[in-house]
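Q: Got a minute to walk me through this one? I'd like to start with what's inside and then jump around a bit.
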Amino acid sequence: MKNKDYLYLDHAASTPMRKAAITEYVNAESFGFANSSGGHKLSRDSKNLLEDSREKIASLLDVAPGEIIFTSGGTEADNWTIKSLFTSTKLDENLVTSNIEHEAVLASAEWVSSLGHKVNYAKSNNEGLVEEDEFLDHVNEKTIVASLMWGNNETGVIQPISQISKALKSANESTLFHSDVVQGIISENINFHNSGIESAAISAHKIGGPKGVGAMFINNKYKLPSFFHGGKQELERRAGTVDVPGIASFAAALEEQQNKFDDEVGMMKEEREIFEDKLKNSLEVVIVGDSIDRLPHISNIQFADINSEVLLIELDLNGLGVSRGSACASGAQKPSHVLEAMNVDEKFINNHLRFSFGWSNQKGDGSKAADIVIKAVQGMK
Ligand SMILES: Cc1ncc(COP(=O)(O)O)c(C=O)c1O
């Protein structure tokens, strides 16, 4: 089967690069290949391209250019904010996060804990939602960082970020509020300042940009210590030669994503609805978070009496690419910590698959995917 005939519904894991992003990468590599920290014309060209890209991204996200620091992706941005304040603070200061975060946040939290700090985990309810009271119950006067993701990467469930950020500041004005918006930004209009987010992790490869590139948004009032030590790149906040072509390509991807946002997200919503309706009409399924706000691109489905590992292979053989949860977790073949946090009964925990729509899908994909899934599940009964 040719790749063009293969139906890809794993956009939450990664997306193909947009043509505009590839073109920009190629142009930027010939125009801005030089080291952006050098002192000659070609370095100045590269530096200008870098700063133009920063301005473009900042303007698209409605933040100041100095609030965007480029990173190698979402993982680095999560690590940076969560860990760096704990490297030079008193042991009685703590971190608050939730038990449904991405591994980039959870593993960073474990590292903070290994230093001797207390980490308080707010619990998700059975629908995958971390409720405001539950989160705030864990915050106290010693909380220096609180982190809650915008939308979950396995279930798509949207967390009450604006309400929590407001209440958090009343509980402790000096707590830095971080949000991992890596999935949220794919299909939600997010305004960091209006939502009270003070630091955020963003990844280019989830929106049609290159892999290995991303950004940290950090409110101007904070100056986090540099995480890498070396040169004075990235506003003296992140050492290392800057990937200018990758960043220019990221800016082009974000520009196209924002310009086409309503059409693309509208298509994802419609296709997901068609897909879910067809499955509900033909199979015994539970759609996670069906009755609450979910990111429009994610559909996490529990199939009665079907082992999802076997179904995943069956779908793959029939030309449909999906996933069992987060890419990192499926590689490790561990049960999903998100489903466990939601108290999904042990006997159903291996019955789930994640289908995720994205910019490269088209009209008809929802129905086509549903037909493949229905046939595969019926064949397994
Ligand atoms: C919610 C979330 N956070 C962080 C990441 C990591 O981002 P990156 O692949 O850019 O390191 C991912 C990627 O799967 C994600 O879904």
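Q: Which residues have the most contacts inside the largest nonpolar core?
A: Keep in mind that this is a predicted model. Leu61, Ile68, Phe192, Ile197 and Phe250 have the most contacts inside that core, which has 57 residues.

Q: And which helix gives the largest share of this core?
A: That's helix H10, residues 244-259, with 7 residues.

Q: Where does the core lie relative to domain 1 and domain 2?
A: Between them, because domain 1 (3-17 + 261-380) and domain 2 (19-259) both give residues to it.

Q: What is Leu61 in contact with, leaving aside neighbours within four places in sequence?
A: Ile68, Ile185, Phe192, Ile202 and Leu254.

Q: What other core lies apart from the big one?
A: There's another of 28 residues, and Phe303, Ala370, Val373 and Val377 are among them.

Q: Back to the domains: how many residues of each are in contact with the other?
A: On the domain 1 side 34 residues, touching 42 residues of domain 2. The centres of the two domains, taken over C-alpha atoms, are 27 Å apart.

Q: Switching to the ligand. Which residues come nearest?
A: There are 13 residues around the ligand, and Gly74, Thr75, Asp180, Ser203 and Lys206 come nearest.

Q: What lies 2.8 Å from an oxygen atom of the ligand?
A: A backbone N or O atom of Gly74.

Q: OK, and which side chains have an N or O atom by a ligand oxygen?
A: Lys206 has a side-chain N or O atom 2.6 Å from an oxygen atom of the ligand. For His205, a side-chain N or O atom sits 2.9 Å from a ligand oxygen.

Q: New topic, helix H4. What span should its 12 residues have?
A: H4 covers residues 103-114, and at 1.5 Å a residue the expected span is 16 Å. Its end C-alpha atoms are 16 Å apart, so the two agree.

Q: Which of the H4 residues are buried?
A: Ala104, Val105, Leu106, Ser108, Ala109 and Val112.

Q: Why would residues three or four places apart point the same way?
A: An α-helix has 3.6 residues a turn, so that spacing brings them round to the same side.

Q: What do the buried residues of H4 pack against?
A: Two helices are on the list, H3 (74-84) and H14 (337-341), along with strands S3 (94-98), S4 (119-122), S5 (143-147) and S6 (176-180).

Q: Last one: which residue just after H4 takes a positive phi?
A: Gly116, at about 110°.

How values were computed
Residues numbered from 1 in each chain as written. Predicted model: local features only at pLDDT ≥ 70, side-chain atom pairs only at ≥ 80, totals over all residues. Heavy atoms only, no water. Helix = DSSP H or I, 4+ residues; strand = E, 2+ residues; numbered from the N terminus. Expected span 1.5 Å × (residues − 1). Buried < 20%, exposed > 50% of the residue type's maximum accessible area, 1.4 Å probe, protein only. Contact = heavy atoms within 4.5 Å. Core = buried A, V, L, I, M, F, W, Y, C linked by side-chain atoms within 4.5 Å. Domains from an automatic or database assignment. Near = heavy atom within 4 Å. Polar contact = N/O pair within 3.5 Å; in protein donor to acceptor, adjacent residues only side chain to side chain.
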